[in-house]
Amino acid sequence: MSDCIFCRIRDGELPCKKVYEDEDVLAFHDIHPKAPVHVLVIPKQHVATFSDADEALLGRLMDRVRHVADSVLGLKEGWRLIVNVRAGGGQEVYHLHAHILGGKRLSF
Ligand code: 5GP
Ligand code: ZN
């Protein structure tokens with residue numbers, strides 16, 4: 001069993017509120033939302049952090065992020081994309097993930 005919580009969510013060993021899944025990524029609601037809509041998008045492949053991901057993986061991840069935000073979640077007024085990179089950037093879970101925040105006008 002993996003000791004990575006996002007691998008365990010990917011494998012169905014831990015529950016999540018899933019919003020989208022395909023062969024490359026999984027998207028689910030953040031357990032501690034910081035906006036009315038707060039969704040995490042993870043690559044299914046375990047990559048610890050943004051700096052470690054190759055171009056192809058980043059391209060697929062970013063493409064799916066916009067699909068989830070614009071089409072699946074329908075955040076018509078706009079949204080924010082955040083990727084925290086290592087400790088100095090506030091990263092707590094070391095499985096690459098993109099935060100989608102929306103549902104209100106973000107002022108911070
Ligand atoms: P980071 O600070 O690493 O960029 O963000 C990690 C995010 O994962 C945090 O916003 C945190 O609330 C979320 N998170 C941590 N554990 C879980 C979990 O078990 N389930 C879900 N859905 N989100 C989690
Ligand atoms: Zn992982």
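Let's start in the middle of the sheet: Val39 of β3 stands opposite Ile100 in β5. Keep in mind that you're looking at a predicted model.

**Strand β3 and its partners**

That pair belongs to a longer match-up, since β3 and strand β5 (residues 98–102) run antiparallel and are joined over five bridges. β3 has another partner too: strand β2 (residues 25–29) pairs with β3, again in the antiparallel sense and over five bridges. In that pairing, Val25 stands opposite Pro43 in β3.

So how many residues of β3 are buried? Seven of the seven are, so the strand is largely enclosed by the rest of the structure. Here's a handy bit of background: in a regular strand, side chains alternate between the two faces of the sheet. For β3, one side carries Val37, Val39, Val41 and Pro43, while His38, Leu40 and Ile42 sit on the other, and all of these are buried. In other words, both faces of β3 are covered.

**The zinc site**

Now hop over to the zinc ion (ligand 2). Which protein atoms hold on to it as donors? They are the SG atoms of Cys4 and Cys7, plus the ND1 atoms of His46 and His95, lying 2.0 to 2.3 Å from the ion. Along the chain these donors follow the spacing C-x2-C-x38-H-x48-H.

Take Cys7 and His46: this pair links distant parts of the chain, 39 residues apart. Cys7 is in helix α1 (residues 5–10), while His46 is in the loop between β3 (37–43) and α2 (55–72). Their surroundings can be put into numbers as well. Cys7 is buried, because its relative accessible area is 5%, under the 20% cut-off. His46 is partly exposed, as its 39% falls between 20% and 50%.

Why is the arrangement around the zinc ion called tetrahedral? The four donor atoms subtend angles of 104 to 117°, and four donors count as tetrahedral if all angles lie between 85 and 135 degrees.

**Ligand 1**

Last stop: ligand 1. It is surrounded by 17 residues, and the closest are Asp30, Gly90, Glu92, His97 and His99. Three of these residues have polar atoms lined up with oxygen atoms of the ligand, as listed here.

| Residue | Part of the residue | Distance to an oxygen atom of ligand 1 |
|---|---|---|
| Asp30 | polar side-chain atom | 2.5 Å |
| Glu92 | polar backbone atom | 2.7 Å |
| His97 | side-chain N or O atom | 2.8 Å |

Taken alone, ligand 1 exposes 520 Å², and the protein buries 85% of that.

Methods
Residues numbered from 1 in each chain as written. Chains lettered and ligands numbered in written order. Predicted model: local features only at pLDDT ≥ 70, side-chain atom pairs only at ≥ 80, totals over all residues. Heavy atoms only, no water. Donors = N, O, S within 2.8 Å, 3.2 Å for Na, K, Ca; no water. Tetrahedral: all angles 85-135°; square planar, octahedral: opposite > 155°, others 65-115°. Helix = DSSP H or I, 4+ residues; strand = E, 2+ residues; numbered from the N terminus. Buried < 20%, exposed > 50% of the residue type's maximum accessible area, 1.4 Å probe, protein only. Pairing = 2+ DSSP bridges. Near = heavy atom within 4 Å. Polar contact = N/O pair within 3.5 Å; in protein donor to acceptor, adjacent residues only side chain to side chain. Areas by Shrake-Rupley, 256 points an atom, 1.4 Å probe, with all protein chains shown as cover.
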